[in-house]
Structures are given as C-alpha cells and as structure tokens.
Amino acid sequence: MVPPAEITPKVDNVGEIFTFNPKHRFSTKNNFMTGITLGPWITVLWKYGGDIEWKTYWFRALFLSIMACINSMLALLERVIFGRHIRDATVNQRPVFILGHPRTGTTHLHNLIALDSDIFFCPTTLSAGFSAAYLLLHPVRSLLSGLLSKTRPMDNMPLSFDVPQEDELSHTEKEFRKYFRMQDVPPDEKRRYTDVFLAFLQKIAVHAEGRRIVLKSPTHTAKIKFFLDLFPNAQFIYIHRNPYDVFKSAMNMADKTYWYSYLATPSPSQIVEFVMNQYEELHNAYVSDRECIPEGNIVEVSFADLEANPLSTLRSIYTKLGWSEFDTRMKPKLNSYLANINGFQKNRLQPLSNLQRKAINDRWSAAFKDFRYSVDLGES
C-alpha cells in the first residue's frame, strides 16, 4: 500500500483523531500483496516506485519481488496442469454478495453462511491471496502457513488459508476511487477488471462444483449495478452496524493490520481520511443503488441483531431470500459453530473522544439517518 502524496482532510485536527504506531517493517506475514505476479508488480514499481520509501521498506519490496517471480512461475505451471479443468468448470449464475463497510460484521456473516457448504462455496484466503496459482498450491497450502498469523491481527479471529476470505482488497485514495462504483472508468480498464473478476470465479468454480459462490468484499458494496449487469439474478445481503463502533474498530484495524502491507509511511491524517472517505463512498453508493436489486434478492440486517440472535437472524435471511431447509440442513451446523466460538472475546476498544465523535457525526450523518442510529452529542 503506497499512500498518496497529498490528502486534504475534511475535519479539523484530523491528525489528532487517532495515533498510529508504525510497526512490522521486516515482517513477511499478512501482506495482501504476497500473491502478486511479476507483471502487476513491475507495473506497481513503474508507476509508484518514486513514492516507495526504499530506505524504510527495502526488505518488503525485495520480499515481494522474490514472491512475484515465484508466483509467476507457479501460475505458468498451473495453467499447463489445470487449464482444461478451469475451462470446463461451470460458474453458478446466482452468486451471493455480502455487502457492508469494513468492521460491520461482514466476516462473521460470511463465516456463518459458509457453514451451509452443501449449497454455498466461499473463496478462501488461499484462493484470494494466491489466485494466480490457487489450484496448484491447494494440496500443499500448509507449506505457506508461515505467511499468515494464526489469528487476524485486528480481532484475534482464526486465520488460515482455509477460512472464507474477501476476494477483493482495495483502497479509496483519489486515483482509485472511480473503481469503487466502476463509473467514469475507461472501457478498456473496465473490461480488464471484468475479465480478471470473471477469471477468478472461473478458477474457484473448479472447487465450487456448481454450488453458489458467496462473495464478501466491502468494496463490492459500491458495485451493485456492475454485478447486476454480470449476474441479473444475483442476491445480496447488506449488514450495517452502529457508526461509532465501526469507527473504533476501523481505527483498530488500521493500526494493527495495515502496517503489514505499506510501502510508504502514511500520516495519521491520511489513515483517518481513508477510513472516513471509504465509509462515505460505500454508504452513499449502496443507498443510491439498492433499489436496482429486484425484490426478493436483497435483505438488510444489523450486526447487533446478528450478534444477539444469530439463529433467528440467519433464519430470516434464508426466508427472505427463498433459501430452503434452514432447520434441517443449516441449523445443526450453526448451533455447533456457535458453541465452538462461545468463549470468543471481542476487542475492548477505548471510548471515543469528543473530537472523534464530532468527526463521525459530521462525516457519517447520513448513516445515522438511513439506518436509524442515535446520534450522541454528549461527553465521553
């Protein structure tokens, strides 16, 4: 991740909203670019090499260069061995998209729906992180375990190459914001993005074996129209959460997770503006485009309901989307999973400061109104 050269904050004293601590300079774990191939990596170096802090991140750049070479060779080998299998695979034309801003519970919901594996198939950390050679690496994925922490840095949820994972990792700095909704994008770039996305689905369809693919990436929240053009019968689940909780959790994730991938050190104002703007972009796009989804193909849930009553919330999702056999097929798996995570402890995050609360109230006011969350104007 290379932060932009300039950001104009939309709130006063944005740099004072949160303090971030640089870390993990020499770590090879949890870097979402580890699976990059040589072509895209050379493009990154060519376009953004001048923005990379080489003295600080030389080791990371060297590591990614080595991985890019390895991944490219593995990709060629996979194409030879699995090319026919990929071409012959059938992609189910009714995918399910889980939408929502980062830290709203999209991962939890993804994990729950993944339990219904007779009907649904979810991309994994391996397929998302090493998409160029996913099928080749799958039988030996345990050899890559050193590239991941055992738990996610921001919330201590289990992390491995087999857990459900979001298929797209992106950011919203000025140069890339147009790709959120795929609007005002040159036709050749949109075509290239579409081809890559469909190629990814074609590859994981080998393991999906006709099952419906469940895709969860927060950035997809802004692409409803784009996905409906590709899959008119797709279904969507949108999950929302109290904006104050989202902000605290997003700041925690930024401080504990993003440092594994930076190639330049961002300022506090850049990180905060990234989170604030991303929320605005995703929320506005979703509210604007959700009416395009046919009735019966969209359901909205709150994280509070999912956390407090997971069984009834999942049953409601199944009912509203017309999914059958919840009690006979899904309920036993869900009860077993919930029993296994019963002792999981959520992060205990610091209360919001007055400055933080003011920024959230100012910037995310639409979310409070659209999903009926109470605005807090009081002291911490």
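This is a stop-by-stop tour of one predicted protein model.

**Confidence first**

Colour by pLDDT. The mean over the protein is 91, and 93% of the residues reach 70 or more. Now select residues 2-9. Here the pLDDT is below 50. Beyond near neighbours in sequence, this stretch still has 20 contacts in the model.

**The segment before α1**

Select Thr19. This residue sits in the segment before α1. Is Thr19 buried or exposed? Its relative accessibility is 60%, so Thr19 counts as exposed. Add Leu263 to the selection. The two residues are 244 apart along the chain, and their C-alpha atoms are separated by 19 Å.

**The α1/α2 pair**

Show helix α1, residues 38-48, together with helix α2, residues 54-88. Their axes lie 8 Å apart and the packing angle is about 155°. The cut-off for roughly antiparallel is over 145 degrees, so α1 counts as roughly antiparallel to α2.

Switch on the side chains at the contact. From α1, pick Leu38, Trp41 and Leu45. From α2, pick Trp54, Ala61, Leu64, Ser65, Ala68, Cys69 and Ser72. How do these residues divide by type? There are 8 nonpolar, 2 polar and no charged residues in the contact.

**The sheet**

Hide the helices and show the strands. An open sheet of 5 strands appears, in the order β2-β3-β1-β4-β5. The pairing is parallel. Which strands are at the edges? They are β2 (120-121) and β5 (298-302), and each pairs on one side only.

Start inside the sheet, at β1, residues 96-99. Val96 and Ile98 point one way, Phe97 and Leu99 the other way. All of these side chains belong to buried residues. β1 has two neighbours to inspect:

- Towards β3, the pairing is parallel over 3 bridges. Val96 has Val214 as its bridge partner there, and Phe97 has Leu215.
- Towards β4, the pairing is parallel over 4 bridges. On this side the bridge partner of Val96 is Gln235.

Val96 is therefore worth centring on: its bridge partners include Val214 in β3 and Gln235 in β4.Step across to β3, residues 212-216. Arg212, Val214 and Lys216 point one way from this strand, while Ile213 and Leu215 point the other way. How many residues of β3 are buried? The count is 5 of the 5, so the strand is largely enclosed by the rest of the structure.

Carry on to the edge. β2 and β3 pair in the parallel sense over 2 bridges. Select Phe120 and find Arg212 opposite, in β3. Then select Phe121, whose bridge partner in β3 is Ile213.

**A helix over the sheet**

Bring back helix α12, residues 310-320. This helix lies across β2, β4 (235-240) and β5. Relative to β5, α12 runs at about 170°.

**Two positive phi values**

Select Met182. What is its phi? The value is near 55°, positive in a residue other than glycine. Met182 is in the loop between α6 (178-181) and α7 (187-208). Its relative accessibility is 5%, so Met182 counts as buried.

Next, select Glu209. Its phi is also positive, at about 50°, although Glu209 is not a glycine. This residue lies in the loop between α7 and β3. Is Glu209 buried or exposed? With a relative accessible area of 66%, Glu209 is exposed.

**Last stop: Gly146**

Select Gly146, in the loop between α5 (134-137) and α6. With a relative accessible area of 44%, Gly146 is partly exposed. Now add Asn30 and draw a C-alpha to C-alpha distance. The two residues are 116 apart in sequence and 9.5 Å apart in space.

Notes
Residues numbered from 1 in each chain as written. Predicted model: local features only at pLDDT ≥ 70, side-chain atom pairs only at ≥ 80, totals over all residues. Heavy atoms only, no water. Axes fitted to C-alpha atoms, helices over the stretch in contact; angles between N-to-C directions. Parallel < 35°, antiparallel > 145°, perpendicular 65-115°, else oblique. Contact = heavy atoms within 4.5 Å. Nonpolar A, V, L, I, M, F, W, Y, C, P; charged D, E, K, R; others polar. pLDDT = per-residue confidence, 0-100. Pairing = 2+ DSSP bridges. Buried < 20%, exposed > 50% of the residue type's maximum accessible area, 1.4 Å probe, protein only.
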